[in-house]
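Work through these exercises with the model open. Try each task before reading its solution.

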Amino acid sequence: MQLQENVSLRPYNTMGIDARARYFAPFDTLEALQQLLDRRAATDTLLILGGGSNILFTKDVDGWVGKNELKGIEVVREDEDYVYVQAGAGENWHAFVQFCLQRNLGGVENLSLIPGNVGASPMQNIGAYGVEIKDVFQQLEAFHRGEQKVHTFTLNDCQFGYRESIFKRQYKDQFVILNVTYRLRKQPVFNTSYGAIEQELAKMGVLDLSIQAIAQAVVNIRQSKLPDPKEIGNAGSFFKNPSVPASQYATLQQSHPGVVGYKNDDGTVKLAAGWLIEQAGWKGVRRGDAGCHARQALVLVNYGHATGREIYDLSTEIVQSIQEKFGVVLEREVNIL
Ligand code: FAD
Ligand code: EPU
């Protein structure tokens, strides 16, 4: 185990926040993870870090950061309809998507270009363009930090929901995800109904639909809307899209005819938080180096040297203003530390 002390976390979070970790230890084997757990005092905090693309550090980590670098992607099983691919938690998510595209395995093309690593994909059941990880999830292996034992979790065990899983709730900070197995289709089923995918495919001049074309369309749309963390610090959508009862949506439609909402299966309506935030006048607002992105109001950004606290305080102002204007409570999607 390579242990470093007093390390800046700036290169390890896409928000670009200059927090520090008292101890920083990458691990690329289960043995190295066990050494880390043995070395750490029982009272020390431990944060498991992937690509750092869904985290806001509001203070230094007065404990341990274990950077998950468990690698490897392999086909583990195959049946008539599916190929089962296992990926190490430390593999880059988009590299895994490309592995599937190269082999013509369908299911994750709509999830192209989501930053971060495989190990975090089940944490919040990542989703985009009409697909969530739960749609391709087979199982995962995770190491219980206290028991020091490997557990297997199936789809039902994970209790996936919109940007939710059991690992964010009752098992929070208890498990280290080691690898995830996904179930990919040999005969892809195309999913182009969401958002601007069809429009983008037409613009690209695609006549023969394929998962590779869908992936490229998704990449194009994402690049046109979302800021690249290499150029401007951000963690994607800062808030979840909130769901409200149908009756509240109807009232909102009367007072704000342009309100954007999508019906959920349970009859509630999911509102586009980006629309609410834009309408409340936040889009493009900048406070020092903390800001609300000018092209996508759901994304909060760090223009350079904002502190995590400054970004967090801006998010609190936005929450308050949306509650006052629309009577809707926004929940943060990013993990606040
Ligand atoms: P991290 O930020 O490192 O960690 C996130 C959380 O998971 C932390 O609590 C961490 O402790 C925990 N964790 C990480 N790895 C492990 C592990 N192996 N075991 C246990 N716990 C672990 N998300 C979407 O769902 N859809 C999108 O379309 C999307 N677009 C984005 C666009 C941009 C530009 C950015 C910057 C982010 C976007 N995100 C999106 C958010 C982010 O990419 C995902 O949440 C991603 O899964 C985070 O992966 P990560 O490895 O960076 O996780
Ligand atoms: N909108 C505005 N103003 C804005 C931003 C959005 O009016 O500033 C409106 C758009 O016009 C559109 C609607 O809001 O009508 C939805 O916008 P968009 O398609 O950009 O998606 P989103 O709801 O903002 C969600 C996810 C993204 C995911 C995309 C595509 C959440 C919290 N966010 O964003 O995920 O990539 O859909 O599926 O669910 C993330 O989780 O980090 C993330 C980027």
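**Exercise 1: two domains in contact**

Domain 2 and domain 3 bury about 490 Å² between them, with 36% of it on carbon and sulfur atoms. Buried area is the accessible area (1.4 Å probe) that two parts lose on being put together, summed over both. This is a predicted model: local features need pLDDT of at least 70, side-chain atom pairs count only at pLDDT 80 or more, and totals for chains, interfaces and linings use all residues. Residues are numbered from 1 along each chain as its sequence is written, and side-chain values use heavy atoms, with hydrogens and water left out.

Task: find which residues of domain 2 lose the most area to domain 3.

Solution.
- Step 1. Mark the domains: domain 1 is 4-68, domain 2 is 73-185 and domain 3 is 233-336. These bounds come from an automatic or database domain assignment.
- Step 2. Take the centres over C-alpha atoms; 27 Å separate those of domain 2 and domain 3.
- Step 3. Collect the contact residues: five from domain 2 and six from domain 3. Contact means heavy atoms within 4.5 Å.
- Step 4. Rank domain 2 by lost area: Tyr162, Arg163 and Lys168 lose the most, together 75% of what that side buries.

**Exercise 2: salt bridges**

Task: state how many salt bridges cross the interface of domain 2 and domain 3. Then explain what the pair lysine 186 and glutamate 78 ties together.

Solution.
- Step 1. Apply the rule: a side-chain nitrogen of Lys or Arg within 4 Å of a carboxyl oxygen of Asp or Glu.
- Step 2. The structure holds 13 salt bridges. Two cross the interface of domain 2 and domain 3.
- Step 3. Lysine 186 and glutamate 78 meet at 3.0 Å, N to O. Lysine 186 lies in the loop between β12 (175-185) and α4, and glutamate 78 in strand β6 (residues 73-78), so the pair ties together parts 108 residues apart in sequence. Strands (E, at least two residues) and helices (H or I, at least four) are DSSP runs, numbered from the N terminus.

Conventions. Chains lettered and ligands numbered in written order.
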